[in-house]
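Okay, thanks for coming, everyone. I've got one structure to walk through today, so have a look at it on the screen and then I'll talk you through a few spots.

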Amino acid sequence: MAVDTMCSSSLTAIHLSSLAMQNGDCDLAIAMKPAYAEAFFNRGNNRAALSDTVAAVTDWDRAIELNPSHAGALVNRGVAHRQLGNLVAALRDLDRAVELTPNDPAALFNRGLARKAADRRREAV
């Protein structure tokens with residue numbers, strides 16, 4: 001199936017514009033309720049989708065500070081730490097996420113990837 005690159009580029013631009021608007025919505029939610037962990041979590045997700053990993057980690061840090069049991073933020077931050085090469089922090093976050101949600105496939109899968117990256121292959125299974 002051939003993909004029209006002009007159409008593809010337009011769809012990418014629309015998607016990026018949508019993420020930027022969602023960031024604006026998150027900014028507004030944070031301004032209205034600065035202790036709302038979910039707004040920081042969502043803005044972190046949007047920033048990660050825009051390849052702004054460092055800013056995403058900052059938002060997930062705040063979400064976890066506000067709600068230390070936010071497994072989604074722990075998983076996402078753990079993945080980001082793995083991508084940034086900080087395997088100790090990645091494993092800390094992903095181990096905690098698995099403690100909170102032991103049947104979460106994303107937490108288990110990403111912990112396995114982090115363990116493999118840390119050359120802890122026996123534990124990765």
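**Starting from a phenylalanine**

Let's begin with Phe41, which sits in helix α2. Keep in mind that this is a predicted model. So, is Phe41 buried or exposed? Phe41 has a relative accessible area of 12%, and under 20% counts as buried, so buried is the word for Phe41.

And what does Phe41 touch, once you set aside its neighbours within four places in sequence? The list is Trp60, Ala63, His70, Gly72, Ala73 and Asn76. Pick out Ala73 for a second: Phe41 and Ala73 are 32 residues apart along the chain, yet their C-alpha atoms are separated by 6.0 Å.

Two names on that list, Trp60 and Ala63, take us to the next helix, because α3 covers residues 53-66. Helix α2, by the way, is residues 37-49. The axes of α2 and α3 come within 8 Å and cross at roughly 160°. Anything over 145 degrees counts as roughly antiparallel, and so that's what we call α2 and α3. For the handedness fans, α2 passes α3 in a left-handed crossing.

Who makes that contact? On the α2 side you've got Ala37, Phe40, Phe41, Arg43, Gly44, Asn45, Arg47 and Ala48, and on the α3 side Ala55, Ala56, Asp59, Trp60, Arg62, Ala63 and Leu66. Sort the residues of this contact by character and you get 9 nonpolar, 2 polar and 4 charged.

Okay, let's move further along the chain, to helix α5, residues 87-100. One residue to look at there is Ala89. Ala89 comes out at a relative accessible area of 5%, so Ala89 is buried too. If you want a distance for Ala89, try Val79: the two are 10 residues apart along the chain, with 9.7 Å between their C-alpha atoms.

Now, which way does α5 run against its partner α6, parallel or antiparallel? Helix α6 is residues 105-117, and α5 and α6 pack at an angle of about 150° with their axes 9 Å apart. By the cut-off I just used, over 145, α5 and α6 are therefore roughly antiparallel. The crossing of α5 past α6 is left-handed.

In that pair, Leu87, Ala90, Leu91, Leu94, Asp95, Ala97 and Val98 of α5 meet Ala107, Leu108, Asn110, Arg111, Ala114, Arg115 and Ala117 of α6. The breakdown for this contact is 10 nonpolar, 1 polar and 3 charged.

One of the charged ones deserves a slide of its own. Arg111 is in helix α6, and with a relative accessible area of 16%, Arg111 is buried. What does Arg111 touch, not counting residues up to four places away in sequence? Leu91, Leu94, Asp95 and Val98.

Let me zoom out before we wrap up. How many helices and strands does the chain have? There are 7 helices and 0 strands, so to speak an α-α-α-α-α-α-α run from the N terminus on. The chain has 125 residues, and 33% of them count as buried. Among contacts between residues at least 6 apart in sequence, 39% join residues at least 24 apart. Finally, the surface: the chain exposes about 7,500 Å², with carbon and sulfur atoms supplying 58% of it.

That's my tour, happy to go back to any of those spots.

How values were computed
Residues numbered from 1 in each chain as written. Predicted model: local features only at pLDDT ≥ 70, side-chain atom pairs only at ≥ 80, totals over all residues. Heavy atoms only, no water. Axes fitted to C-alpha atoms, helices over the stretch in contact; angles between N-to-C directions. Helix = DSSP H or I, 4+ residues; strand = E, 2+ residues; numbered from the N terminus. Parallel < 35°, antiparallel > 145°, perpendicular 65-115°, else oblique. Left-handed = near helix turned anticlockwise from the far one by under 90°. Contact = heavy atoms within 4.5 Å. Nonpolar A, V, L, I, M, F, W, Y, C, P; charged D, E, K, R; others polar. Buried < 20%, exposed > 50% of the residue type's maximum accessible area, 1.4 Å probe, protein only. Areas by Shrake-Rupley, 256 points an atom, 1.4 Å probe, with all protein chains shown as cover.
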